[in-house]
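Work through the exercises below with the sequence and the model side by side. Each task is followed by a solution that proceeds step by step.

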Amino acid sequence: MDHILITGGAGFVGANLAIYLKQRFPRVKISVLDNLIRRGSELNIPRLQDATIDFIRGDVRNREELLQLPAMDVIIDAAAEPSVLSGIKDGPQMLVDINFQGTLNCLELARKYKSDFIYLSTNRVYSYPLLNSLSFTENTTRFEYASGTPYFQKGIDENFDTSGLKSFYGASKLASESFIREYAHHYDFNAIINRCGVIAGPWQMGKVDQGFVALWVIAHYFGKSLQYLGYGGQGKQVRDVLHVDDLCKLISSQLSNDFPGECKTYNVGGTWTNSISLLELTGITENITGRKLDIGADEETRVVDMRIYYTDASKVQNDYQWQAEKTVEECVADTFNWINKNEKSLVKIFKH
Ligand SMILES: NC(=O)c1ccc[n+]([C@@H]2O[C@H](COP(=O)([O-])OP(=O)(O)OC[C@H]3O[C@@H](n4cnc5c(N)ncnc54)[C@H](O)[C@@H]3O)[C@@H](O)[C@H]2O)c1
């Protein structure tokens, strides 16, 4: 392995991954390509440069430009518009251009150089009406799948239904997944699809529609307003959280092992052990930041919201002897320390 390209490499996952892989494989050239459309991604450029990672300002929608890049052995596609609400209000054209056409362009690049391909997909490929129809219970702090259902404390595996509604975001990622399998098969290159749940940790530019753990810590740190949205406004929705360092470890292991013969798809997440409701997250965040906010409530559930999702990661755990090690508390503490250390530059992005 001589050269790895990470698209969206100035973003939260991309930049953390680039720096992690550079430490793990110091002799490998690592390039990142990003158009800096995500507010705050520009703050990653100095850390990427300090780590001797090549930054290319570029756009995955520009196929000609992409195909002029020098050869690489691996492409990690982490460029996306990652908000699940994207496209719903204003139409999905931009989302399709970035998340689907952008990935097709990256696949053309993989085809050209026979590069291995790792794709950052999402649990949003699963049908949310079906997820929301699963029987559940409610206790004082969270919703939970009903005991006796196959999902109770086990989570959602790769065989869950993807045919129902899933949001434009989920649809754009599922369409990309299909093409990745076809490209890898017909043009004879290796591919892995990692369907991630919630990822958290330092350098996540959290906002209301994406990156809720960082959003929670940022709001507490800067004293901004927060709301529990949907499901009665009680903050009982549940997700599992994966520290970005654990994701980096997994991808590093995927690169160190032989790629599977056929493109494999994995559910990747913190699992039930690292599951948390918003209400519970508030308690942890208050402890770590030392600030208590008066959190508002909006009872109305947003159209694509999910009551409960946590990952059954057995397949990826078995194949890579990997599992999430960092707790939700560590995600919150690491995010807090990052904000504390970089307050001056972050205040411009997060204060208002
Ligand atoms: N963060 C999560 O919780 C999460 C969960 C599941 C899946 N994912 C997936 O992981 C990947 C990375 O997400 P993230 O959290 O780092 O998001 P991010 O927004 O922090 O990073 C994405 C980066 O892509 C860049 N980008 C957007 N459009 C581009 C374009 N046309 N050309 C070049 N660069 C472009 C942005 O500027 C940004 O830096 C995405 O594919 C996302 O769908 C993320």
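**Exercise 1. Find which residue of strand 12 stands opposite Ile192, and then place that strand within its sheet.**

Solution. In this predicted model, Ile192 stands opposite Lys264 in strand 12, and Ile193 stands opposite Thr265 in that strand. The next step is to look at the pairing as a whole: strand 8, which spans residues 191–196, is joined to strand 12 by five bridges, and the two run parallel. In general terms, strands of a sheet pair through backbone hydrogen bonds, in either a parallel or an antiparallel manner. Stepping back, one finds an open sheet of seven strands in the order 3-2-1-4-5-8-12, with parallel pairing. Its edge strands are strand 3 (54–57) and strand 12, each of which pairs on one side only, and the twist from one strand to the next averages 20 degrees. Helix 4 (residues 93–113) packs on this sheet, where it touches strand 1 (3–7), strand 4 (74–77) and strand 5 (116–122); the direction of helix 4 makes about 165 degrees with that of strand 5.

**Exercise 2. Decide whether strand 12 is largely enclosed or not, and give the reason.**

Solution. Begin with the cut-off, since a residue counts as buried when its relative accessible area is under 20%. Strand 12 covers residues 264–268, and four of its five residues are buried, so the strand is largely enclosed by the rest of the structure. This holds although strand 12 is an edge strand that pairs on one side only.

**Exercise 3. Describe the surroundings of Ser121 and Glu177, and state how their side chains meet.**

Solution. First locate the two residues: Ser121 lies in strand 5, while Glu177 lies in helix 6. Next consider accessibility, where the same cut-off of under 20% applies: Ser121 counts as buried because its relative accessibility is 6%, and Glu177 is buried as well, with a relative accessible area of 0%. The side chains of Ser121 and Glu177 make a polar contact of 2.7 Å, and a further polar contact, of 3.1 Å, joins the side chains of Glu177 and Arg181. Leaving aside residues up to four places away in sequence, Ser121 touches several residues, including Lys173, Ile193 and Cys196, whereas the residues that Glu177 touches include Tyr119, Val125 and Arg195. Finally, Glu177 and Cys263 are 86 residues apart along the chain, yet their C-alpha atoms are separated by 9.9 Å.

**Exercise 4. Which residues come nearest to the ligand, and how much of its accessible area does the protein cover?**

Solution. Of the 30 residues around the ligand, those that come nearest are Asp34, Arg38, Ser41, Tyr169 and Lys173. Now examine individual distances: a polar side-chain atom of Arg38 lies 2.8 Å from an oxygen atom of the ligand, a polar backbone atom of Asn35 is 3.2 Å from a ligand nitrogen, and an N or O atom in the side chain of Asp59 is 2.8 Å from a nitrogen atom of the ligand. On its own the ligand has 820 Å² of accessible area, and the protein covers 96% of it. The elements that give two or more residues to the surrounding shell are helix 1 (12–24), strand 5, helix 6 (167–186) and strand 9 (198–200).

Conventions:
Residues are numbered from 1 along each chain as its sequence is written. This is a predicted model: local features need pLDDT of at least 70, side-chain atom pairs count only at pLDDT 80 or more; totals for chains, interfaces and linings use all residues. Side-chain values use heavy atoms; hydrogens and water are left out. Buried means under 20% relative accessible area, exposed over 50%, partly exposed in between (1.4 Å probe, protein chains only). Two strands pair if DSSP finds at least two bridges between them. Axes are lines fitted to C-alpha atoms, for helices over the stretch in contact, and angles run from 0 to 180 degrees between N-to-C directions. Contact means heavy atoms within 4.5 Å. A residue is near a molecule or strand if one of its heavy atoms lies within 4 Å of it. A polar contact is a pair of N or O atoms within 3.5 Å; within protein, one must be able to donate a hydrogen and the other to accept it, and residues adjacent in sequence count only if both atoms are side-chain atoms. Accessible areas come from the Shrake-Rupley method with a 1.4 Å probe; for residues, only the protein chains shown count as cover.
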